[in-house]
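Here's a quick briefing on a fold you may want open in your viewer. Have a look at the model, then run through the notes below.

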Amino acid sequence: MLLVLVFYSSFAFLKTKHIFVISVDSPFVDKNTIRELIKYKDNYDAVIAKNNNKSHYLIGVYSYNLYKDFKIMLNENKHKLAHLLLERKVKRVEFQNNDSF
């Protein structure tokens with residue numbers, strides 16, 4: 001629930017079209033990885049990193065298009081980001097460098 005609240009509050013406060021998210025336990029994600037994610041931001045509701053068939057939902061770019069969805073999730077006490085993204089236009093960018101994740 002807290003994660004959804006953070007997304008919702010970030011968009012409400014920042015009033016920006018996109019936010020970049022990275023978890024604190026990802027110290028080895030480099031500038032090239034971030035650039036690769038950002039380059040797709042205008043065509044998707046979310047662009048997230050992926051490697052070894054695992055999606056990293058806390059390494060990515062999220063669009064303001066999801067703002068209302070986050071509000072609905074809060075009101076309905078839903079907190080699974082993965083479930084929301086199944087219904088939205090998402091780009092999962094595959095990375096081969098396992099050291100970054």
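Helices (H or I, at least four residues) and strands (E, at least two) are DSSP runs, numbered from the N terminus. This is a predicted model, so to speak plainly: local features need pLDDT of at least 70, side-chain atom pairs count only at pLDDT 80 or more, and totals for chains, interfaces and linings use all residues. Residues are numbered from 1 along each chain as its sequence is written, and side-chain values use heavy atoms, with hydrogens and water left out.

**Nonpolar cores**

- The largest nonpolar core (buried Ala, Val, Leu, Ile, Met, Phe, Trp, Tyr and Cys residues joined through side-chain atoms within 4.5 Å; buried means under 20% relative accessible area, exposed over 50%, partly exposed in between, with a 1.4 Å probe and protein chains only) has 18 residues.
- Phe7, Tyr62, Leu66, Phe70, Leu81 and Leu85 have the most contacts inside this core.
- Two or more residues each come from helix 1 (2-14), strand 1 (18-22), strand 2 (46-51), helix 3 and helix 4.
- Another core lies apart from that one, with 8 residues, including Val29, Val47, Ala49 and Ile59.

**Loop between strand 2 and strand 3**

- Asn52 sits in the loop between strand 2 and strand 3 (54-63) and has a positive phi of about 50 degrees although it is not a glycine.
- Asn52 is exposed, at 56% relative accessible area.
- Asn53 is in that loop between strand 2 and strand 3 too, with a positive phi near 60 degrees.
- Asn53 is exposed, at 69% relative accessible area.
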